[in-house]
Every structure is written in C-alpha cells, then in structure tokens.
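Colleague: I would like a close look at one part of this model. Please set the scene first, then zoom in.

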Amino acid sequence: MTNFINEFGIILYATLIYTPPLLYAALGSCFSEVSGVVNIGIEGMMTAGAFTGTCVAYFTGSPLIGFICAGLAGMLFGALHALATVKLGADQTIAGTAINMLGPGIVIMIARVLFDSTDTIPLTPDQKIPTLFKGVFDTTTVFGRFMDNVFATYASTYLVFIAVIIVWFLFYKTKFGLRLRACGEHPLACETLGVNVISMRFLCVCISGFLSGLGGACVTMATSNQFRPISIVGQGFIAIAAVIFGKFRPQGALVGCLLFGLCSGLKVILGGSSGINMHLISMIPYIVTIIVLVLFVGKSHVPAANGKPYIKSK
C-alpha cells in the first residue's frame with residue numbers, strides 16, 4: 001500500500017509538472033479559435049516565450065520579470081499572426097506555419113549572438129519560477145511525501161489552474177465573452193450590432209500569443225532550467241489537440257491537458273525504470289495525441305466562422 005501511494009504521488013507530481021505549459025497554450029488557443037482565427041502558430045509563440053523568459057530571468061535575476069516578458073514575447077508573435085490574418089486576410093494556416101518557422105529561427109539566432117550557442121546558460125534556482133509549499137510537509141511519512149509531491153510545485157502551476165477559472169468566467173459570464181464567441185459564429189451579425197469584429201479577433205490572437213508565451217516559459221523556467229532548440233518541440237501541437245479534445249472550451253482543454261500531461265509524465269517515469277526502449281517511450285504523448293484527434297476531431301463543435309477571413313462591409 002505504501003509503495004502504491006508513493007508511486008501514485010510521483011505520477012501526480014509528474015502530471016502537474018508537464019500539464020501547465022500545455023494548459024497555458026491551450027487556453028491561448030481557445031481565445032484565438034473561439035473568436036474565429038485558426039492559430040497553429042502556438043508552438044512558435046511558445047518557443048519565443050521560452051527563450052525570452054529564460055534570458056530575461058538570467059540577466060535580471062527576476063523570474064517574475066522573465067515570466068511576464070515571456071508572455072509579451074509570445075504576444076508580439078501573436079500580433080504578427082493577427083496582422084497577417086485578421087488585418088490583411090492572409091491564409092491562417094500558412095501564416096501559423098510561418099510563425100512556427102520564424103519563432104525558433106529568430107531565437108536561435110539571438111542565442112548564438114548572446115551565448116555563442118543555440119542553448120542558453122542554465123538558470124540558478126533563484127532565477128527559476130519559485131516552488132510553493134516546499135518544506136511544509138513532513139516527508140518522513142507516507143502522507144507527507146504524497147502531499148509534498150502534489151502541492152509542493154511551481155507557482156506557475158497554481159496560476160494556470162486559476163487562469164482556467166478566469167477564462168471560463170470570461171467566456172460564459174461576461175459581455176466580452178459573449179461578443180468573443182459571437183465573432184467566431186456569426187461575425188456579420190456582430191457587425192450589425194456594433195461589435196468591431198476585426199478588433200475583437202486581433203485582441204484575442206494577441207491574448208493567445210501572451211498565454212502561449214507563458215506556457216513556453218513554464219518549460220524552461222520550471223520543468224527544466226535552460227532553453228534549448230528542442231525545449232518546445234511538439235508541445236504547441238499537443239495543446240491544440242487538447243483544445244479539439246475539449247471542444248474548444250477552457251474546461252474541456254483542462255481535461256485534455258491533464259491527459260497529455262499524464263502521458264508526458266509517464267514517459268519520464270517509465271524511461272527511468274522500465275527498461276523499455278527510450279525511443280518507444282518518447283512516442284507516448286504523440287501517439288495519444290493522434291488517437292485523440294482521430295476519435296474526437298469529428299465530434300468537436302468548431303466555431304462556424306473559424307478559419308474564415310472576415311472582410312468588413314462598407
């Protein structure tokens with residue numbers, strides 16, 4: 001029984017470590033997709049946030065400033081995507097692909113200039129996102145070790161679960177959320193009621209970039225302690241899959257991200273003790289992503305105007 005509790009606590013800890021980056025990005029994707037703009041550039045925005053947050057935390061010594069700047073970096077790329085798709089009417093899929101190529105390319109170039117490498121210098125514990133409730137629980141007992149595994153986690157983890165509640169309230173309990181959802185369903189009707197569809201979509205894509213940047217920072221400032229070109233690989237697309245699984249709702253995206261976070265955590269746990277080929281174990285999150293997309297993509301209610309450029313009537 002003791003071993004079961006210990007192992008269960010470790011699995012929960014791993015899940016809570018790998019879920020927040022996906023969940024930040026998924027919440028960002030919800031803003032963009034629900035407003036009617038397809039954003040597959042999430043991964044590029046996460047990469048920009050991961051690099052910026054790590055660099056700012058390294059040079060300033062402040063994880064808070066680094067975390068905020070990571071969101072702003074993601075927002076900048078979100079604004080580029082919004083400019084191309086919302087303002088200029090570019091194909092949203094192609095623009096998102098361009099962001100995914102542009103983000104890593106720019107940050108790797110900057111990394112070479114600053115650090116003479118594609119990697120950044122590792123962060124010290126004081127420069128990483130702080131851990132809450134560390135040392136509060138008595139780890140000499142089974143219950144204490146379980147509580148330490150579950151609750152002694154990074155501040156960004158607590159923040160993202162609060163963000164889910166805030167986003168849900170914003171979507172379904174406010175006038176802003178009603179207008180946001182209407183822009184993704186019936187933009188022409190919104191215009192007749194005086195809602196500026198262009199401005200609303202532009203803002204939502206920028207918010208999408210900001211949250212994606214925070215997700216990227218979670219990877220390099222919490223899960224690990226340094227930016228590398230492979231830090232984000234695949235996580236942006238997994239976050240999008242979680243949104244599809246969750247039917248484009250924040251609470252559904254939470255469930256999807258917990259599932260994928262569990263898979264990523266199992267990948268690490270099994271890789272260290274199972275004796276199974278590491279390459280096969282590394283495939284777990286991506287195989288689950290494909291299965292989820294096959295099973296749920298047809299059942300998701302995609303906003304009616306999602307992916308359709310809106311041209312304001314004169």
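Colleague: How many positive and how many negative side chains does the chain have, and how far apart do the centres of the two sets lie? Then take me to Gln226: where does it lie, and is it buried or exposed?

Modeller: Keep in mind that this is a predicted model. Charges first. The chain carries 18 positive side chains and 11 negative ones. The centres of these two sets are 12 Å apart.

Now the fold. The chain has 13 helices and zero strands. Its radius of gyration is 20 Å, close to the 20 Å from the globule rule for 314 residues, so the chain is as compact as a globular protein of that length. The C-alpha trace spans about 70 × 45 × 35 Å along its principal axes. Of the 314 residues, 48% are buried. Among contacts with a separation of 6 or more, 77% join residues 24 or more positions apart. The accessible surface is about 14600 Å², and carbon and sulfur atoms account for 71% of that.

On to Gln226. This residue sits in the loop between helix H9 (197–223) and helix H10 (235–245). Its relative accessible area is 12%. The cut-off for buried is under 20%, so Gln226 counts as buried. What does it touch? Setting aside neighbours within four places in sequence, Gln226 contacts Thr54, Asp119, Thr120, Pro122, Thr220 and Ser231. Look at Thr120 in particular. Its backbone oxygen lies 2.4 Å from a polar atom of the Gln226 side chain.

Notes. Residues are numbered from 1 along each chain as its sequence is written. This is a predicted model: local features need pLDDT of at least 70, side-chain atom pairs count only at pLDDT 80 or more; totals for chains, interfaces and linings use all residues. Side-chain values use heavy atoms; hydrogens and water are left out. Helices (H or I, at least four residues) and strands (E, at least two) are DSSP runs, numbered from the N terminus. The radius of gyration is taken over C-alpha atoms; the globule rule is 2.2 Å times the number of residues to the power 0.38. Buried means under 20% relative accessible area, exposed over 50%, partly exposed in between (1.4 Å probe, protein chains only). Contact means heavy atoms within 4.5 Å. Accessible areas come from the Shrake-Rupley method with a 1.4 Å probe; for residues, only the protein chains shown count as cover. Lys and Arg count as positive and Asp and Glu as negative; His and the chain ends are not counted. The place of a charge is taken as NZ of Lys, CZ of Arg, CG of Asp or CD of Glu. A polar contact is a pair of N or O atoms within 3.5 Å; within protein, one must be able to donate a hydrogen and the other to accept it, and residues adjacent in sequence count only if both atoms are side-chain atoms.
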